[in-house]
Amino acid sequence: MIEVLKNMFNEIGSVVELEEIAYLTIENGELIPIYKNDTEFLPLQKWIDFHKEYRSFVKDAEFLMKLVETKSLCAIHNTDHLDTKPTEFKVLDIRSIYLFPIIKKDTVVAVVDMAFIKKNYVLSEEQIKQCEHIINKNIHMLIEN
């Protein structure tokens, strides 16, 4: 699975100027960190440890509840406009974030998380379509592992 994610992240990186991209599963309503690309700002192990300290639950964020209910992309162009900004967004200074749902048997089981640290970013419709295409062509490898 890690090789699939690495290749998928590289392909998405050719579409979007992005450093922080991750894959998290949803288990019992909690986002569980699986893998992210290593970056100077947030290496893989530091990110996993971060998620152990700052646990993320679907029920605690309106945008996550909407993502799970609608089973569609969650795009937040400016996290400062959220009614309640999650602590992890504040700590990491996430200013824009795109969460692409991974769906298995009509249930969101994971997300591909594209976070923009210390900068706002708006993906074009074309970039979103390209990212969705890249994710969809890999989805069977993600949900079967």
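In this predicted model, T79 is buried, with a relative accessible area of 0%, and its place is in the loop that runs between strand 4 (74-76) and helix 4 (87-92). When residues up to four places away in sequence are set aside, T79 touches K85, F89, I94, R95 and S96. A further spatial relation concerns N120, which is 41 residues away from T79 along the chain, while the C-alpha atoms of the two residues are separated by 8.6 Å.

The setting of this loop can be described through the order of the secondary structure elements. The protein contains five helices and six strands, and these elements, read along the sequence, follow the pattern α-β-β-α-β-α-β-α-β-β-α. The C-alpha atoms fill a box of roughly 35 × 30 × 30 Å, taken along the principal axes. For a compact globule of 145 residues a radius of gyration near 15 Å would be expected, and the value of 14 Å found for the protein agrees with this. Of the 145 residues, 48% count as buried, and the accessible surface comes to about 8000 Å², of which 48% belongs to carbon and sulfur atoms. Among the contacts between residues at least 6 apart in sequence, 56% join residues that are at least 24 apart.

Aromatic side chains were examined next. A search of the whole structure finds five aromatic pairs, and one of these is formed by Y98 and F116, whose ring centres are 6.2 Å apart and whose planes stand at 80°, so that the pair is edge-to-face. The reasoning rests on the angle, because planes over 60 degrees apart count as edge-to-face. Y98 lies in strand 5 (residues 94-104), whereas F116 lies in strand 6 (residues 107-117), and the pair therefore ties together parts that are 18 residues apart in sequence. Both partners are withdrawn from the surface by the criterion used here: Y98 counts as buried at 0% relative accessibility, and F116, with a relative accessible area of 1%, is buried as well. Ring pairs also bring in Y121, so that Y98, F116 and Y121 are linked into a cluster. A ring is involved in another kind of arrangement at F57, where the charged end of K59 sits over the ring, 5.5 Å from its centre.

The cysteines were considered in the same manner. The structure holds zero disulfides. C74 is in no disulfide, and the nearest cysteine sulfur to that of C74 belongs to C131, at 15 Å; the corresponding statement holds for C131, which is likewise in no disulfide and has the sulfur of C74 as its nearest cysteine sulfur. This separation can be set against the cut-off, because a disulfide is counted for a pair of cysteine sulfur atoms within 2.5 Å. Both residues are buried, C74 with a relative accessible area of 9% and C131 with a relative accessible area of 0%.

Helix 2 (residues 44-53) includes L44, which counts as partly exposed at 22% relative accessibility. This classification follows because residues under 20% are called buried and those over 50% exposed, with partly exposed in between. Leaving aside its neighbours within four places in sequence, L44 is in contact with Y35, K36 and D38. The C-alpha atoms of L44 and P33 are 9.5 Å apart in space, and the two residues are eleven residues apart in sequence.

Two lysines were notable for their backbone angles. Most residues other than glycine have a negative phi. K71, however, has a positive phi of about 55° although it is not a glycine; its place is in the loop between helix 3 (62-70) and strand 4, and with a relative accessible area of 27% K71 is partly exposed. A positive phi is also present at K105, where the value is near 50°. K105 is found in the loop between strand 5 and strand 6, and at 77% relative accessibility this residue counts as exposed. The loop of K105 thus joins the strands that hold Y98 and F116, the partners of the edge-to-face pair described above.

Technical notes:
Residues are numbered from 1 along each chain as its sequence is written. This is a predicted model: local features need pLDDT of at least 70, side-chain atom pairs count only at pLDDT 80 or more; totals for chains, interfaces and linings use all residues. Side-chain values use heavy atoms; hydrogens and water are left out. Rings of Phe, Tyr and Trp (its six-membered ring) pair if their centres lie within 6.5 Å; planes under 30 degrees apart count as stacked, over 60 as edge-to-face and the rest as tilted. Helices (H or I, at least four residues) and strands (E, at least two) are DSSP runs, numbered from the N terminus. Buried means under 20% relative accessible area, exposed over 50%, partly exposed in between (1.4 Å probe, protein chains only). A charge sits over a ring if NZ of Lys or CZ of Arg is within 6 Å of the ring centre and within 35 degrees of the ring normal. The radius of gyration is taken over C-alpha atoms; the globule rule is 2.2 Å times the number of residues to the power 0.38. Contact means heavy atoms within 4.5 Å. Accessible areas come from the Shrake-Rupley method with a 1.4 Å probe; for residues, only the protein chains shown count as cover.
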